[in-house]
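Ready for some practice in reading a protein structure? Take each exercise in turn, try it yourself, and then follow the worked solution.

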Amino acid sequence: MSFPEPRPQVPQLPQHLLRSIDCQQGAVRAVRFNADGNYILSCGSDKSLKLWSVSRGTLLKTYSGHGYDVLDADGSFDNSQLCSCSSDKSLILWDVATGQVTRKLRGHAGKVNCVQFNEEASVIFSGSLDGTVRSWDTRSRRFDPIQILDEARDGVSSLKVAQHELLTGSVDGRVRRYDLRKGQLHVDFISSPITCVCFSQDGQCTLSSSLDSTVRLLDKSTGEMLGEYTGHKMKGYKLDCCLSGKDTHVLSCSEDGHVYCWDLVEGSLTLKLPVGKAAVQSLSFHPTETRLLTAMEGRVQVWGAEPEEEEEEEAIAT
């Protein structure tokens, strides 16, 4: 009597390089998936923002209008608009289809490190070296911010918006969570400068990376430390961290040319993904699939759980 073989586990981590894109925009400062994960946004040191197809790796449009390096970008939920921020202290709201500048927003006194739309794309949040987070109404013709949050004592390096909550990380070593509906502020102190923050998918936890080469998982409501993830190198660069699509793994860029992936619960290193010989500058996890974007120097890499050629061959066979 023969037993059926156990079904193989679905790979949880993207470890196969599907394609590498030469962005031709100087150093890539940040790489992001759009809302549905079909497109890639790459921010260049040549002052440009570029939109790419994930499936083909082809360039769809270039957006030019900033005066210095583009440091971050985000796409609206309906893919009609993009927002980007730059070392030139400005934000730009773009029309995706035409590539035209819809609004240019100025007000920050230092370079703008991070930018994100709210869920309805009615507000843009921006965090700057000047220590402030500013929110901008995308629908009105006002050019001044509708709100300025100035609690940070040093530059704001990272921010994330989820429903009515705003999470920020600052060089002053603090993770701040604003409840915009209730007007409340919660602060967690981490001794080292914060480089990146994000919410878990279930909204119960916050993740932050800092320049002491540690990624920390905190309980959102109590601030209790749930996990510490180490082994990577993050001493002098503002590098990204994120959670995998189902909150199973913690991922971080590293200055040693790898992406480190830890099991969220156990804290053990599951995968050390070799990207290249320089620092991995930025990463972004696909909103629904097991796919990962990484950026190193002038290139963007797309990673999948399985090699793409095999999938195509299977599709032809069936």
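Two rings of Phe, Tyr or Trp (taking its six-membered ring) form an aromatic pair if their centres lie within 6.5 Å; planes under 30 degrees apart count as stacked, over 60 as edge-to-face and the rest as tilted. This is a predicted model, in which local features need pLDDT of at least 70 and side-chain atom pairs count only at pLDDT 80 or more, while totals for chains, interfaces and linings use all residues. Residues are numbered from 1 along each chain as its sequence is written, and side-chain values use heavy atoms, with hydrogens and water left out.

**Exercise 1. Aromatic rings**

Task: Find how the rings of Y229 and W262 are arranged, and describe the cluster that ring pairs build.

Solution.
- Step 1: Start with the search of the whole structure, which gives three aromatic pairs.
- Step 2: Take Y229 and W262: their ring centres are 5.9 Å apart and their planes meet at 45 degrees, so this pair is tilted.
- Step 3: Place the two residues on strands (DSSP runs of E, at least two residues, numbered from the N terminus). Y229 belongs to strand β21 (residues 225-230) and W262 to strand β24 (residues 258-263), so the pair ties together parts 33 residues apart in sequence.
- Step 4: Now look at Y260 and W262, a stacked pair with 5.9 Å from centre to centre and 25 degrees between the planes.
- Step 5: Join the results: Y229, Y260 and W262 are linked into a cluster by ring pairs.
- Step 6: Check the surroundings, using relative accessible area (buried is under 20%, exposed is over 50%, partly exposed is in between, with a 1.4 Å probe and protein chains only). Y229 is buried, W262 is buried at 1%, and Y260 is buried at 4%.

**Exercise 2. A sheet of four strands**

Task: Work out the order of the strands in the open sheet and say which strands stand at its edges.

Solution.
- Step 1: Recall that two strands pair if DSSP finds at least two bridges between them.
- Step 2: Read off the order, β14-β15-β16-β17, with antiparallel pairing.
- Step 3: Look for strands with a single partner. These are β14 (156-162) and β17 (184-189), so each has one side without a neighbour in the sheet.
- Step 4: Zoom in on β14 and β15 (residues 165-170), which pair in the antiparallel sense over six bridges. One example is K160, whose bridge partner in β15 is L167.

**Exercise 3. Opposite charges**

Task: How many salt bridges does the structure hold, and which parts of the chain does the pair of E165 and K220 link?

Solution.
- Step 1: Apply the cut-off: a side-chain nitrogen of Lys or Arg within 4 Å of a carboxyl oxygen of Asp or Glu makes a salt bridge. The structure holds ten of them.
- Step 2: Turn to E165 and K220, whose side chains meet with 2.7 Å from N to O.
- Step 3: Locate both ends. E165 is in strand β15 and K220 in the loop between β20 (214-219) and β21, 55 residues apart. Both E165 and K220 are buried.
- Step 4: Try another bridge, between R216 and D212, also with 2.7 Å from N to O. Here R216 is buried at 10%, while D212 is partly exposed at 26%.
- Step 5: Finish with R291 and E289, where the closest N and O atoms of the salt bridge are 3.7 Å apart. R291 is buried at 15%, and E289 is partly exposed at 40%.

**Exercise 4. Cysteines without a bond**

Task: Explain why the sulfur atoms of C241 and C196 form no bond.

Solution.
- Step 1: Use the cut-off for a disulfide, a pair of cysteine sulfur atoms within 2.5 Å.
- Step 2: The sulfur of C241 has its closest cysteine sulfur in C196, at 4.0 Å, so the two are too far apart for a bond. C241 is buried at 4%.
- Step 3: Compare the total, which is zero disulfides. For C83, the nearest cysteine sulfur is that of C85, 7.8 Å away.

**Exercise 5. Positive phi**

Task: Is A121 buried or exposed, and where is Q163 found?

Solution.
- Step 1: Keep the background in mind: most residues other than glycine have a negative phi.
- Step 2: A121 has a positive phi of about 60 degrees. A121 lies in the loop between β10 (112-117) and β11 (123-128) and is buried at 3%.
- Step 3: Q163 has a phi near 55 degrees. Q163 sits in the loop between β14 and β15 and is exposed at 62%.
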